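Work through the exercises below with the sequence and the model at hand. Each task is followed by a solution in steps.

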Amino acid sequence: MFKLKACPKKYTKDLDKAFSPEHTVKKVESALKKFGQEILFELKRIDIGRLGIPVYMSICGPKAKKIMPSRKQMGKGSSPEQAKASALMELVERFSFFNFVQEKENFFHLTYSEAKNKFGEKVIPIKELLKSVQDNLSPSKAIEILDLIKWDFTLALKITTEEETYLPFNWFKLLNEYNGSSAGNTFEESILQGACELIERHVCALIEGQKQICPTIDPTTFTDQTLVDLWNKFTRQGIKVWLKDFSYGFPVPTIAALAYDPSTFPYKSEIVFTAGTATSPAKAAIRALTEVAQLGGDFSTNSTYEPSGLAKYTSLKEVDWVMQGEFISLNCLPNLEADDIYNELKSLASALKQMDYTLYAISTMHPNLNIPTNYNIIPGFAFRERTSQASLGLFVGRLIAENEPPEAAWEKLNILEKYYPNAHFIPFFKGLTLLKLSEIEQASKFFQKASKIQPQPEEQALSLFYWAYSLSLEEKWSEIPPILTQAISLVPDVKEYHNLIGVAYFKQKDYSKALTYFEQALSLDSGSAIDLANIGICYKHLGDQESAKFFLKKALELEPHLDFAQKELNTM
């Protein structure tokens, strides 16, 4: 287990770090060179220079690609060296995290009760697990539910007391994915950054969920020269920027940034909405603005970005609530700035504890890289991608349906149903289990039932999709389009919904309608080789041989081993 220690700042220009970005780049590149190009294939600058704010991209090598969901990471900063350091550390953070997940020796596979018997008071309190999903079950019932499956317990550090704590890693990974992972020159730097990002996601989820009007920060109150320079780089190009106080009563400042370019939106640029959290207002604003530069693609390159902590908007009307709010001075925001990162971290953890939140940190450091990385957890924090209908039963049920043998899963879901009678998630998970048992007709009925009782559009659309998928296994193609049309009306931006309705029309030989839906799927994922191939085959059936060849070849460029596409191309 790592120990916390003093960590004086040696670099404070645009970010507060234990070492300069030049030192960080040198250290990380040296560590990665041990692997050749297996982890880092390439590091390159990707901005076109319009804003003068550098953005770098680290591209994964084959070893990293095998375990990571992302293929590239972007890094930002007010200087090229800081942007390089950011892109490299992002790669190290994620590679280390997913490598940690794969290594079985990092975990004790135990039920909650078994963990209590083995580790005693070092096990995370049951109230923290209930708090993580805002569930009001009694502790005794919660333990009974948790004991339906075994968990991957691992060692963490409770930051307030610096005591060792064992917690169920896969429970928090299920809730947060890799939100909360971090990297730094030191453990103190890494954990502080991770904690700030957790706070950022939490307050953004709360404020955006309520569409709460927040104060606008007056740029004439900026005194930090790096911040002034960054702000001017946007305004000189005519880009409109709003900086908003999203601190929400937390001990560190969070600043949201909304930006768009009237001269290029919506044809060559997007509305960018993001945020940054740090221990001082100036550093939080710098984080937010450099994040805008990273996501915005210089506001002139037709690039698109994936939203994370805040939603992505396509019209100014949608963000009218963000533009409102009285003007305040940057100095009005909370400030925990100190000369030592350890002191900042301890102050933050203590202040969070006073708000009844506990910060935990797990070391995910890769043994051969020796660069501090962590997975940080604050039970009770919100996260935009998480369902608003969370409960202990929902997430335990999901793991049962996904991981348990189907016969055992069915029995455990019946037990779970006794604790959560008439719960919206039980029919859906039973449907998944019936699919594994090849009881397709019965699964279809459960998904149909689930679609009628879901509390949120996303969950209802997902149930409709699985209902349609079950029907596709029975080749009931004509019954699928009305179901998926309803799913798309609820959640229009899921490519799988468009793809499956396209398949249904294709199977009915309605190639024009199939083409329309495959094109919509492709618009949601331009790198989908399957949809490119499907479009090509539709054109072939519609008699447009040139278009068919074009799309089939594009599909094979992305996926050379796409056999059905090659077979279709060979017949032309």
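**Exercise 1.** State where proline 266 lies, then describe the peptide bond that joins phenylalanine 265 and proline 266.

*Solution.* Proline 266 belongs to the loop between β10 (254–260) and β11 (272–277). In this predicted model, the bond from phenylalanine 265 to proline 266 is cis, with omega about 5°. Phenylalanine 265 also takes part in an aromatic pair, to which the next exercise turns.

**Exercise 2.** Count the aromatic pairs and classify the one formed by tyrosine 260 and phenylalanine 265.

*Solution.* With a limit of 6.5 Å between ring centres, the count is 39 aromatic pairs. For tyrosine 260 and phenylalanine 265, the centres are 5.9 Å apart and the planes make an angle of 75°. Planes over 60 degrees apart count as edge-to-face, so the pair of tyrosine 260 and phenylalanine 265 is edge-to-face. Both tyrosine 260 and phenylalanine 265 are buried. Elsewhere, ring pairs join a cluster whose members include Tyr420, Phe425, Phe447 and Tyr497.

**Exercise 3.** Locate aspartate 356 and asparagine 370, and give the sign of phi for aspartate 356 and for asparagine 370.

*Solution.* Aspartate 356 is in the loop between α12 (341–354) and β13 (360–363); its phi is positive, near 70°. Asparagine 370 is in the loop between β13 and β14 (373–377), and its phi is also positive, about 55°. Neither aspartate 356 nor asparagine 370 is a glycine. Asparagine 370 has a relative accessible area of 48%, so it is partly exposed.

**Exercise 4.** Describe the surroundings of glutamate 163 and decide whether glutamate 163 is buried, partly exposed or exposed.

*Solution.* Glutamate 163 is in strand β6 (residues 163–168). Its relative accessibility is 44%, and therefore it counts as partly exposed. Beyond neighbours within four places in sequence, glutamate 163 contacts Ala156, Leu157 and Lys158. Its side chain makes a polar contact of 2.9 Å with that of threonine 161. Tyrosine 360 lies 197 residues away from glutamate 163 in sequence, with 9.7 Å between their C-alpha atoms.

**Exercise 5.** Check the length of helix α20 (residues 511–524) and name what covers its buried residues.

*Solution.* Helix α20 has 14 residues; at 1.5 Å a residue the expected span is 20 Å. The end C-alpha atoms are 20 Å apart, so the two values agree. The buried residues of α20 include Tyr511, Leu515, Phe518 and Leu522. Among the elements covering the buried residues of α20 are α18 (480–490), α19 (495–507) and α21 (529–541).

Key
Residues numbered from 1 in each chain as written. Predicted model: local features only at pLDDT ≥ 70, side-chain atom pairs only at ≥ 80, totals over all residues. Heavy atoms only, no water. Helix = DSSP H or I, 4+ residues; strand = E, 2+ residues; numbered from the N terminus. Expected span 1.5 Å × (residues − 1). Buried < 20%, exposed > 50% of the residue type's maximum accessible area, 1.4 Å probe, protein only. Contact = heavy atoms within 4.5 Å. Polar contact = N/O pair within 3.5 Å; in protein donor to acceptor, adjacent residues only side chain to side chain. Phe/Tyr/Trp six-rings, centres within 6.5 Å; stacked < 30°, edge-to-face > 60°.
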